[in-house]
Amino acid sequence: MQAWRVHRNGEPSEVMELEETERPAPGSGQVLLKVRAANINFPDALLCRGQYQVRPPLPFTPGVEICGETEDGRRVLATPALPEGGFAEYVAVDEAALLPAPEALDDAEAAALHIGYQTGWFGLHRRARLRAGETLLVHAAAGGVGSAAVQLGKAAGATVIGVAGGPEKASIARELGCDLVIDRRSEDIVAVVKEATGGRGADVVYDPVGGDAYAKSVKCIAFEGRVVVVGFASGSIPAPGLNHALVKNYSIVGLHWGLYNTKDPAAVRACHDELTELAARGVVKPLISERVPMAEAARAVQRVADGTSTGRVVVLPSGGTR
């Protein structure tokens, strides 16, 4: 079978190599899946660079989120365990962790539903306790993680302010349903948020960016607001001023969704049931900007790494969509 392999750390387009490898043999408690679609996540780029919090042994196959097909024909979602990731034609995964693919979504959309939307749901509901009528500020609103938070925020009855970089991404954020969109390249985030909220500020901030995005967020956070720290796509990890959090009376909460798989797997399944229902009602639908063939995976991961993509970019090893 074909699989993308990383033998040394570096930029994805330089270190990912498409190779012929043996089809994996499932171990105890595992099943073999044919990969129908593999969603590209920013951590895939960090894994290639050797900058992720988990560093699999070399060589490894990236791809942490897939829609696959079991030998008996069931469509399922899985998060393959590295070093054998999902940018391959086949992958062996733990059977106990499989989730049914929502019927309302095609393969690419289903592959993109799991990590980003689970992260958004746990971040907004379990960590930030977002309530209907509150104002939610979402950074990178046109990206894969941000677009999921926008849809989930609207589903929760929040007023959603999306931040995007440039007219094209701002337009996409509007199409996703943001009530207000801020182009960070030409507008003052702090001033616009304060004006839109009558000086109160955002009740919840969803931040997968870090760096300057975080710095501006805490300047326009509301009384008893909550900043959800999801990631650091900017490459800059903020050093929060805890005296500022004390004086302005806001909370800084972290969200590492992967921990729920081991700490509370029942909550992950319950969340999936809710996301499946939302997808069936058309309330959430992953934004797929590109569906690329297997041969183009390395270049596609590089686009995600460079921040030039919008929504989700999905690899289709078998060339199909359903």
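Does Arg5 count as buried or exposed, and at what relative accessibility is that decided? What follows takes Arg5 as its starting point.

In this predicted model, Arg5 counts as buried, at 13% relative accessibility. Its salt-bridge partner is Glu84, a residue that is partly exposed with a relative accessible area of 40%. The two sit in distant parts of the chain, 79 residues apart: Arg5 belongs to strand 1, while Glu84 is in the loop between strand 5 and strand 6.

Let us widen the view to other pairs. A search of the whole structure finds 15 salt bridges, and the table shows three of them, including the one just described.

| Salt bridge | Closest N and O atoms |
|---|---|
| Glu84 with Arg5 | 3.3 Å |
| Arg49 with Glu11 | 3.0 Å |
| Arg131 with Glu134 | 2.9 Å |

Arg49 lies in helix 2 and Glu11 in the loop between strand 1 and helix 1, so their pairing ties together parts 38 residues apart in sequence. Arg49 is partly exposed at 22%, and Glu11 is partly exposed at 27%. Glu134, by contrast, is buried, with a relative accessible area of 7%. Salt bridges with shared partners also join Arg36, Glu69, Arg75 and Asp107 into one network.

Two further residues are worth a visit. Ala149, in helix 5, is buried with a relative accessible area of 0%. It touches Leu124, Leu136, Val138 and Tyr206, leaving aside residues up to four places away in sequence. Asn243, in helix 9, is exposed at 58%. Asn243 and Pro286 are 43 residues apart in sequence and 38 Å apart in space, C-alpha to C-alpha.

Technical notes
Residues are numbered from 1 along each chain as its sequence is written. This is a predicted model: local features need pLDDT of at least 70, side-chain atom pairs count only at pLDDT 80 or more; totals for chains, interfaces and linings use all residues. Side-chain values use heavy atoms; hydrogens and water are left out. Helices (H or I, at least four residues) and strands (E, at least two) are DSSP runs, numbered from the N terminus. Buried means under 20% relative accessible area, exposed over 50%, partly exposed in between (1.4 Å probe, protein chains only). Contact means heavy atoms within 4.5 Å. A salt bridge is a side-chain nitrogen of Lys or Arg within 4 Å of a carboxyl oxygen of Asp or Glu.
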